[in-house]
Amino acid sequence: MNEKVSAIICAAGKGERAGFGKNKLLAPLYGAPALFHTLKKFSIPEIDEVIVASSPSDFEEISALCTPFGYKTVIGGATRTQTVINALEAVTGDIVLIHDGARPFVEKQLILKCIEGVRKFGSAVAAVKFTDTAATARNGEITNYPDRESLYRVQTPQGFYTDDIKKAYRLANGAEFTDDSAVYLRHIAPPHIIEGAQSNVKLTYKDDFPREYALPLTASGQKIGIGADTHAFGEGNGITLGGVKIPHNKTLIAHSDGDVLIHAVMDAYLSAAGLKDIGHYFPDTDESTLNADSIKMLEKVIEITGAAGYIGVNLSVTVQAEAPRLSPHIANMVTNLCKACKLSTENIAIAAGTCEGLGFVGEGLGITAYAAVLLNKKL
């Protein structure tokens, strides 16, 4: 049976619970935006088309991530239900898998199992057995202990015949659901469970990101902070790194000037001082920071960490980029950082390298920067 298979990746949420001050799917994970890893998992021969649903505010950046894969980007809705409905309008496949953009650890084997489950049972919903003791509660008091043998944690992907899931949402008539299998159960039939994976976790909170984002260390009044940031390339002419404008045939997509190096430094300073990250102080919903000079933002961060009682000792930065060539510009970057951070040149180091053609950076899709800073407590 030569059935065309489509996939919808839901990436239209705000991800506010993660506390990044922006869509959590655009936060760095292993040197690339978290969403990039999810997108790459569906770039397999068995999937004929992928539709990615984005919010209007993230549309440019998410579209830039989708372009190398040839995926179509559509505007999602204010709710997950409306996002899926919007994405289904663009689906041309006989079978559709619906997946959370915040589940980047999904494996190919589970995706294929989901496709085969639809062909065999008409639907396929990834789920794992509930292993902890489950309880229901009201007003802070336990009221019941359900039988965990019948309990599952529902995951994605969830697969259906496209006509069936479209019909289910049409019959729902605007009712809201947090899960596609729920609307399928209500209006079509009981969905069939396939075995999911414990590793197929959903990124919800900042602690769910296994990344080098904050490493506080206290000793004799000193604290170390580590920051990381990633931006994808988009259409444009030139980038800004370390406050230096560098000619290039692309630009970095961001709310501000896209200076990924400075953004990593800012997060390192804030992390070391035990403060919130740059998304808190400079949210991408703030029009005053639209196309803002990141060096000016860094100067503000130095003021904030100074007010918290800390002064910089030394700073180390690593930038990963396949292009453009950065070595001719590093001296000027160091000079800019010296002025903004009030440090001498011998206390700032910037290293630049490639990823040898591997991964998000290696494929020329964007730039990642890491920064480590040592702060002293002011006397």
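In this predicted model, D163 and R170 of helix α5 sit exposed on one side. Look across to the other side of α5 (residues 162–172) and the picture flips: T162, I165, A168, Y169 and A172 are buried. Viewed down the helix axis, these buried residues fall within an arc of 130°, so they line one face of α5. That fits a general rule: an α-helix has 3.6 residues a turn, so residues three or four places apart point the same way. What do the buried residues of α5 pack against? Their partners are α3 (80–88), β6 (95–100), β10 (152–161) and α6 (180–187). Just past the end of α5, N173 takes up a positive phi of about 55°.

Another helix pairing turns up further along the chain. Helix α9 (residues 294–307) and helix α10 (residues 330–341) have axes that come within 9 Å and cross at roughly 35°. On the α9 side the contact uses I295, L298, E299 and I302, while α10 brings in N336, L337, A340 and C341. Sorted by class, the residues of this contact come out as 6 nonpolar, 1 polar and 1 charged.

Then there are the pockets. The second largest one has a volume of about 240 Å³. Its lining takes two or more residues from each of α2 (59–66) and β13 (222–235). Among the lining residues are E60, S63 and A64, along with F233, G234 and E235; K250, I253, G364 and L365 also belong to the lining, as do T67 and P68. By class, the lining of this pocket is a mix of 5 nonpolar, 4 polar and 3 charged residues.

Note on methods
Residues are numbered from 1 along each chain as its sequence is written. This is a predicted model: local features need pLDDT of at least 70, side-chain atom pairs count only at pLDDT 80 or more; totals for chains, interfaces and linings use all residues. Side-chain values use heavy atoms; hydrogens and water are left out. Buried means under 20% relative accessible area, exposed over 50%, partly exposed in between (1.4 Å probe, protein chains only). Helices (H or I, at least four residues) and strands (E, at least two) are DSSP runs, numbered from the N terminus. The arc is that of the directions from the helix axis to the C-beta atoms. Contact means heavy atoms within 4.5 Å. On a 1 Å grid over the protein atoms alone, a cavity is a set of points where a 1.4 Å probe fits but cannot get out, and a pocket is an open set with protein on both sides within 12 Å along at least five of seven lines; lining residues have an atom within 4 Å of a point. Grid points are joined across faces, edges and corners, and a volume is the space filled by probe spheres set on the points. Ala, Val, Leu, Ile, Met, Phe, Trp, Tyr, Cys and Pro count as nonpolar, Asp, Glu, Lys and Arg as charged, and the others, Gly among them, as polar. Axes are lines fitted to C-alpha atoms, for helices over the stretch in contact, and angles run from 0 to 180 degrees between N-to-C directions.
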